[in-house]
Amino acid sequence: MLYEIAKAAHILSMIVWISGMTVAAMSLRHSGNDVLPMIKSFDRSVTTPAMLLTWGFGILLGVQGGWFGSGWLWAKLMLVIGLSGLHGMITGRLRKRISQKNPEPDQIMQRILPIGLLLTAVVVLLVTTKAI
């Protein structure tokens, strides 16, 4: 029963984390400074804690499943480290953009967002197939 609860919490926190990152990246690409403080606040109070919960429940699941010797889990962990780095990059760009007087839309988000979504899709593929 504990495993199922941890799995559900892991999936829900991951959905909140990736959704929050997506909104922040899209906001950097298309929004003016008026919306960005609200996005930053949401990131600090919801998206970042969701990322930390995703990590925590994921580690718990890995321990419970005895998967730390599996190649697929290590591949997944490397991708999740990449997603965590992207989250940090988006958060940093959000802070920088808020501090600018007349900011330009962040063109790099056009590339970053698809990379993050692709990494997420590969993580889901690794978890569901447990291949590698």
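Hi everyone, let me start inside the protein: the largest cavity is lined by Ile18, Met21, Thr22, Ala25, Leu83, Leu86, Ile90, Ile112, Leu113, Gly116, Leu117 and Thr120. Before I go on, a word on the model: it is predicted, so local features need pLDDT of at least 70 and side-chain atom pairs count only at pLDDT 80 or more, while totals for chains, interfaces and linings use all residues. Residues are numbered from 1 along each chain as its sequence is written, and side-chain values use heavy atoms, with hydrogens and water left out.

Back to that cavity. A cavity here is a set of points, on a 1 Å grid over the protein atoms alone, where a 1.4 Å probe fits but cannot get out, and lining residues have an atom within 4 Å of a point. The volume is about 70 Å³, taken as the space filled by probe spheres set on the points, with grid points joined across faces, edges and corners. Which helices supply the wall? α1, α3 and α4 each give at least two residues, and α4 has the largest share, with 5. Helices are DSSP runs of H or I, at least four residues long, numbered from the N terminus. By class, the lining has 9 nonpolar residues, 3 polar and no charged. Nonpolar covers Ala, Val, Leu, Ile, Met, Phe, Trp, Tyr, Cys and Pro; charged covers Asp, Glu, Lys and Arg; the others, Gly among them, are polar.

How many cavities of 30 Å³ or more does a search of the whole structure find? The search finds 2. The second largest has about 30 Å³ of space, and its lining is Gly20, Val23, Ala24, Ile39, Phe42, Asp43 and Thr47. Here α1 and α2 are the elements that give two or more residues, with α2 giving the most, 4 residues. This lining divides into 4 nonpolar, 2 polar and 1 charged.

Now to the open space. A pocket is an open set of grid points with protein on both sides within 12 Å along at least five of seven lines. The largest pocket holds about 470 Å³. Its lining counts 27 residues, and those nearest the centre are His10, Leu61, Lys76, Val123 and Val127. Two or more lining residues come from each of α1 (2-30), α2, α3 and α4 (109-129). The largest share belongs to α1, with 7 residues. As for chemistry, 18 of the lining residues are nonpolar, 6 polar and 3 charged.

Next, the surface. Ile59, Val63, Phe68, Trp74, Met78 and Ile81 make a nonpolar patch of about 580 Å². The elements giving two or more residues to this patch are α2 (36-65) and α3 (71-99), and α3 has the largest share, 3 residues. For the rules: patch residues have over 30% relative accessible area and no salt bridge, and nonpolar side chains (Val, Leu, Ile, Met, Phe, Trp, Tyr) are joined within 5 Å, like charges within 9 Å. Areas come from the Shrake-Rupley method with a 1.4 Å probe, and for residues only the protein chains shown count as cover. A salt bridge is a side-chain nitrogen of Lys or Arg within 4 Å of a carboxyl oxygen of Asp or Glu.

Take Ile59, in helix α2: is this residue buried, partly exposed or exposed? With a relative accessible area of 43%, Ile59 is partly exposed, since buried means under 20%, exposed over 50%, and partly exposed in between.

One last residue: Lys130, in the segment after α4. Lys130 has a positive phi of about 50° although it is not a glycine, and at 36% relative accessibility it counts as partly exposed. Thanks for listening!

Methods
Buried < 20%, exposed > 50% of the residue type's maximum accessible area, 1.4 Å probe, protein only.
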